[in-house]
Amino acid sequence: MAEEVFQNETIKEILSHYRKIWALGHAQSVLGWDMEVNMPKEGIMERSVAQGELSVLSQSFMLEPRFVELIERAGGEELNEYESGVVRVLNRSLKIARAFPPEFVREMSEVSSRATAAWTEAKAKNDYSLFEPWLDKNIELARKAADYLGYEEYPYDALLDLFEEGLTTRDVDKIFEKLEKELKPLLDKILNEGKVPKEHPLEKEKYDQKVMEKVNLEILKLFGYPLGQRARLDVSAHPFTTEFGIRDVRITTRYEGFDFRRSILSTVHEFGHALYELQQDERFMFSPIAGGVSLGIHESQSRFWENIIGRSMEFAELIYPILKENLPFIREYTPEDIYWYFNLVRPDFIRTEADVVTYNLHILLRYKLERMMINEGVGAKDLPEFWNDEMENLLGIRPKTYQEGILQDIHWSHGTIGYFPTYTIGTLLSTQIASYMEKEINIGEKVRNGEFDEIKAWLKEKVHKYGSIYPPKELLKRSFGEGINPDYFIRWVKDRYL
């Protein structure tokens, strides 16, 4: 039997109380997943109120005097690393809970639920006016949240820290200055040399959704995704992963009826998120240190599977028989065709379909707009034009519709302003992690043979097993000896495409 990680009596009492908070979070996750996957359109009014009330109730449990007293007491006691992690995470949660008045928590939850429904309709109808007032509400709430939380330099810093502990505007500026300087000329060189295709006939090949579902399920089976036991695959407008616990993790994908790589790569991407949760130490169950430590570290896992695994030649060779069996048009193509189809490079409008060279420029666009919203007072009315101008500046293309532009992402409807930079952090870290792993494991050989256990075990040992014990910057130092370094990503792009 595994050794008990929580031995301190004060910590045990803390965790007994925390189960109520965990249970509310579990219920809210189910409601959120259902809202995206199953809920009828008109259910949004009642669902938003329910989510708001649960958020306030969770905050009240967090701020119960006895619970706060226990956390403060534990901070002065001798604790092991797991127990110290519990106190660290709860102190961070307490800071946030104390900062926000209950009526503000309720309003944020209700507005985000209704804004999400408005975004869904606005995107479907290509009508920004349906979403604009809700985006203004979310921007206003984000500014208030920054003021409540406090910050040393920029209001936006407070929001960045919510999603990536310890991250600041200066950190992100430093990363993007390097990327913008390196990526724009690299992109021009790749496009001009003509070695990498800009388009592929497979983009126009149509498929039946049920057939594509079968393909995705076969790929997940190769990965060892525990469907029906601890995991599910469903459909949503915007693919996502929800962890209800270590033994219940669910992913979604989407089916558009053409360009099948979108569905496959979305599925592979979400599998990476799911694996992080599924490989948590089960001794952490029901505790604050269960679950991924940050969105940036989480994204490093999904982008590792999407880009390092899913866009490799070996993966194209591995899944070729599955594709050939289920998609008749594949017989006209080779595994090498599949590889280049997955690795096209061209400026495109949609972030989620962006190639690995242009992807971070999409994130840079959103980062610039978020700073304008929070630090400079720019409102929703002016954002579409700023969006289009910045896309033309970074990628040389200009959206013709709102769907191609500002309505393509769901995040701002959720109120998650400050979230987007974690995508670039994850993308950069995925190539760092691959570089570290290659010193011990031949990734290509393992993928070619469909042998993923050793890769998964390595990721568990270096990242997953720690849950949220350590803050992200400390986790990187402990496991890899360095923080985020864009040079790995730049080198990876050059090696692959030049």
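This passage describes three helix contacts and one internal cavity in a predicted model.

Two packed helices are described by the angle between their axes and the distance between the axes. Helix H1 spans residues 9-37, and helix H4 spans residues 81-99. The two axes come within 11 Å. They cross at roughly 50°. This angle makes H1 oblique to H4. The crossing is left-handed. On the H1 side, the contact is formed by Ile-11, Ile-14, Leu-15 and Tyr-18. These residues meet Glu-83, Val-86, Val-87 and Leu-90 of H4. By class, seven residues of the H1 and H4 contact are nonpolar, none is polar and one is charged. The charged residue is Glu-83 of H4.

Helices H5 and H6 form another contact. H5 covers residues 102-125, and H6 covers residues 132-149. Their axes come within 10 Å and cross at roughly 150°. Angles over 145 degrees count as roughly antiparallel, and H5 and H6 are therefore roughly antiparallel to each other. H5 passes H6 in a left-handed crossing. H5 contributes Phe-104, Glu-107, Met-108, Val-111, Ser-112, Arg-114, Ala-115 and Ala-118. From H6 come Trp-134, Lys-137, Asn-138, Leu-141, Lys-144, Ala-145 and Tyr-148. Nine residues of this contact are nonpolar, two are polar and four are charged. The polar residues are Ser-112 of H5 and Asn-138 of H6. The charged residues are Glu-107 and Arg-114 of H5, with Lys-137 and Lys-144 of H6.

A further contact joins helix H17, residues 421-438, and helix H21, residues 486-497. The axes come within 8 Å and cross at roughly 80°. H17 is thus roughly perpendicular to H21. In H17, the contact residues are Thr-427, Leu-428, Thr-431, Gln-432, Ser-435 and Tyr-436. They meet Pro-486, Tyr-488, Phe-489 and Trp-492 in H21. Here the classes are six nonpolar, four polar and no charged residues. The polar residues are Thr-427, Thr-431, Gln-432 and Ser-435, in H17.

The model was also examined for enclosed space. Three cavities of 30 Å³ or more were counted. The second largest has a volume of about 50 Å³. Its lining consists of Arg-261, Leu-344, Val-345, Arg-346, Asp-348, Glu-353, Ala-354 and Asp-355. Five of the lining residues are charged, three are nonpolar and none is polar. The nonpolar residues are Leu-344, Val-345 and Ala-354. The charged residues are Arg-261, Arg-346, Asp-348, Glu-353 and Asp-355.

Note on methods. Residues are numbered from 1 along each chain as its sequence is written. This is a predicted model: local features need pLDDT of at least 70, side-chain atom pairs count only at pLDDT 80 or more; totals for chains, interfaces and linings use all residues. Side-chain values use heavy atoms; hydrogens and water are left out. On a 1 Å grid over the protein atoms alone, a cavity is a set of points where a 1.4 Å probe fits but cannot get out, and a pocket is an open set with protein on both sides within 12 Å along at least five of seven lines; lining residues have an atom within 4 Å of a point. Grid points are joined across faces, edges and corners, and a volume is the space filled by probe spheres set on the points. Axes are lines fitted to C-alpha atoms, for helices over the stretch in contact, and angles run from 0 to 180 degrees between N-to-C directions. Helices (H or I, at least four residues) and strands (E, at least two) are DSSP runs, numbered from the N terminus. Angles under 35 degrees count as roughly parallel, over 145 as roughly antiparallel, 65 to 115 as roughly perpendicular and the rest as oblique. A crossing is left-handed if the near helix is turned anticlockwise from the far one by less than a right angle, and right-handed if clockwise. Contact means heavy atoms within 4.5 Å.
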